[in-house]
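Student: Could you take me through one part of this model up close? I'd like a single connected account rather than a list.

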Amino acid sequence: MTKIKKGLNNKFIRNLSIVFSESIITKGLSFMSILILSRALGSEDYGKYSFLFVSIAFMSAFFDFGMENTAVRFFAKEKENNAIFGLYLSVKIIITTTVILILLIFGQQIFKIMDKSEIVQFLPFLIIGYIGESIFFVNDTYLQAVQKFKMRAIINISRFFSLVLAAFILLINNAVLLEYVVYLYCLPLLFSFFFFFKYIDFLRSFLSGKLKKSVVKEMFHYEKWMFLIAVPNSTLGRIDFFLISLWVSYNQIGIYNAAFQLSSIVSFIPLAFSKVLLPKMAELNQIEIIDNIKKMTKPVLMISAGMLCILPLVQPIVPLLLGKEYKDSVGILIVMLLSSILAFAIVPIEQAFYSMGKPMFITVGKYVQIGAIFFFILITVPTLGVIWAAISVLVAKMIYGAIMVVLFNRYKKQFV
């Protein structure tokens with residue numbers, strides 16, 4: 001009991017508990033929305049919904065260009081200078097506006113080239129969803145930087161609860177149709193309006209010149225590497241999804257994405273872990289970071305091994321929850337869960353490189369990983385089937401993990 005109380009009094013453990021609790025609740029709510037939408041829409045329309053959903057998530061992450069990480073790291077160093085988030089928001093607005101103009105002018109041609117002309121009619125919802133996710137991302141990053149994880153949890157839980165509530169209202173009114181469901185993409189924008197005055201404060205701090213040129217220069221140097229990391233990192237997030245969409249039907253897209261969404265019961269863990277670990281490690285020096293990694297290695301590997309126990313549960317649960325139409329999701333889900341477990345195991349090393357100012361190591365690993373995914377998917381999926389997209393991602397992640405371990409062991413020799 002004493003150890004538990006001591007653990008809860010530890011700021012890192014307390015924040016980690018909050019983020020994990022938030023992630024469990026939001027993933028549970030997201031899971032409920034998946035059950036409603038996937039079963040009611042059917043695999044084909046759910047495939048179209050998934051294509052739009054993944055496109056929004058991909059664009060909001062890709063066009064952040066790693067600025068989230070840069071903002072958190074330098075906010076910790078500059079003692080809570082809001083001008084840093086003013087700069088972040090300003091760049092974000094410029095990038096978002098540019099992307100929207102491209103979609104408005106060339107969107108129809110882009111989807112025709114992708115052989116997805118059916119998506120053109122939903123282009124306005126794609127744009128609204130992208131705007132909402134992009135702006136909401138700034139506030140979420142700010143709450144992470146100031147380590148107000150409890151407030152962040154309340155906001156995110158409320159957002160996902162609203163998603164489930166809206167989906168349930170559609171269900172009881174027999175209105176779970178694709179032309180109505182796409183309105184759910186507006187939710188992030190609606191929640192962003194609550195943070196309007198905070199955004200004004202960010203911009204005011206930045207425009208008042210509270211950010212030193214030397215800091216901006218240092219941020220720019222760091223962001224160069226974050227940009228090089230973010231491009232492959234964001235692409236890696238759903239490269240498998242976009243590649244399989246070139247060869248398979250919306251039905252298969254829906255089945256694959258259903259497995260991906262179900263894998264979130266584990267995939268949220270490395271993300272939540274990294275969210276809390278980054279601001280903590282950013283406050284440490286090189287030797288302290290290495291010492292922390294040593295202490296974390298054994299418990300992290302033990303937890304990773306424990307996660308393997310959920311794999312036998314996949315076979316009976318998936319058809320029961322989603323229906324026989326999604327039975328092909330079982331094998332895909334098992335492979336995706338293995339990928340998520342591996343991702344959790346290498347989180348400490350990744351965050352160590354970020355905090356030590358060595359994102360170049362991660363850049364090398366990410367580009368090797370993305371090249372491996374391209375190669376394996378191109379030679380397997382067209383002939384062997386969609387499950388090989390998930391297998392390709394797993395193999396590429398194993399290669400990436402091996403690279404991270406080797407580079408970290410070589411680098412730490414300078415300090416040990």
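Student: The part I have in mind is helix H10 and what packs around it, so which helices does H10 cross, H17 and H3 among them, and at what angles?

Tutor: Keep in mind that this is a predicted model. H10 covers residues 213–244, and its partner H17 covers residues 359–384. Their axes come within 9 Å and cross at roughly 20 degrees. An angle under 35 degrees counts as roughly parallel, and H10 and H17 are therefore roughly parallel to each other. As for handedness, the H10 and H17 crossing is left-handed. By residue type, the contact of H10 with H17 divides into 20 nonpolar, four polar and two charged residues.

Now for H3, residues 67–77. Its axis and that of H10 also come within 9 Å, but here the crossing is at roughly 145 degrees. This crossing is right-handed. On the H3 side you'll find Met67, Asn69, Thr70, Arg73 and Phe74, and these meet Glu218, Met219, Tyr222, Glu223 and Met226 of H10. That contact splits into five nonpolar, two polar and three charged residues. As for the spacing of such positions, an α-helix has 3.6 residues a turn, so residues three or four places apart point the same way.

Next, the start of H10. Lysine 212 sits in the loop between helix H9 (196–207) and H10. With 58% relative accessibility, lysine 212 counts as exposed. If you want a distance to check, take isoleucine 84: it is 128 residues from lysine 212 along the chain, and the two C-alpha atoms are separated by 10.0 Å. Valine 215, by contrast, is in H10 itself, and at 5% relative accessibility it counts as buried. For another C-alpha pair, try valine 215 and glutamine 369: they are 154 residues apart along the chain and separated by 32 Å.

Back to H17, which has another neighbour in helix H16, residues 347–355. The H16 and H17 axes come within 7 Å and cross at roughly 130 degrees. That makes H16 oblique to H17. The contact uses Glu350, Phe353 and Tyr354 from H16, with Pro359, Phe361, Ile362 and Lys366 from H17. Sorted by type, the residues of this contact are five nonpolar, no polar and two charged.

H16 itself is worth a pause. Nine of its nine residues are buried, so H16 is largely enclosed by the rest of the structure. The buried set includes Val347, Pro348 and Ile349, along with Glu350 and Gln351. Ala352, Phe353, Tyr354 and Ser355 are also buried. Just past the end of H16, glycine 357 has a positive phi of about 75 degrees.

If backbone torsions are your thing, go back to the approach to H3. Phenylalanine 65 is in the loop between helix H2 (11–62) and H3. Its phi is near 55 degrees, which is a positive value in a residue other than glycine. Phenylalanine 65 has a relative accessible area of 16% and is buried. Asparagine 174 gives you a second case: its phi is near 55 degrees too, again positive in a residue other than glycine. Asparagine 174 lies in the loop between helix H6 (149–172) and helix H7 (178–181), and at 71% relative accessibility it counts as exposed.

Now step out to the interior. The largest nonpolar core has 129 residues, and Leu37 and Phe85 have the most contacts inside it. H2 gives the most to this core, with 13 residues. Setting aside residues up to four places away in sequence, phenylalanine 85 touches Ala71, Phe75, Val138, Thr141, Tyr142, Ala145 and Phe202.

One last stop is helix H18, residues 387–412, where you'll find glycine 401. Glycine 401 is buried, at 7% relative accessible area. From C-alpha to C-alpha, glycine 401 and valine 72 are 24 Å apart in space and 329 residues apart in sequence.

To pull it together, H10 runs roughly parallel to H17, crosses H3 at roughly 145 degrees, and follows a loop that holds the exposed lysine 212. H17 in turn meets H16 obliquely.

Terms used:
Residues are numbered from 1 along each chain as its sequence is written. This is a predicted model: local features need pLDDT of at least 70, side-chain atom pairs count only at pLDDT 80 or more; totals for chains, interfaces and linings use all residues. Side-chain values use heavy atoms; hydrogens and water are left out. Axes are lines fitted to C-alpha atoms, for helices over the stretch in contact, and angles run from 0 to 180 degrees between N-to-C directions. Helices (H or I, at least four residues) and strands (E, at least two) are DSSP runs, numbered from the N terminus. Angles under 35 degrees count as roughly parallel, over 145 as roughly antiparallel, 65 to 115 as roughly perpendicular and the rest as oblique. A crossing is left-handed if the near helix is turned anticlockwise from the far one by less than a right angle, and right-handed if clockwise. Ala, Val, Leu, Ile, Met, Phe, Trp, Tyr, Cys and Pro count as nonpolar, Asp, Glu, Lys and Arg as charged, and the others, Gly among them, as polar. Buried means under 20% relative accessible area, exposed over 50%, partly exposed in between (1.4 Å probe, protein chains only). Contact means heavy atoms within 4.5 Å. A nonpolar core is a set of buried Ala, Val, Leu, Ile, Met, Phe, Trp, Tyr and Cys residues joined through side-chain atoms within 4.5 Å.
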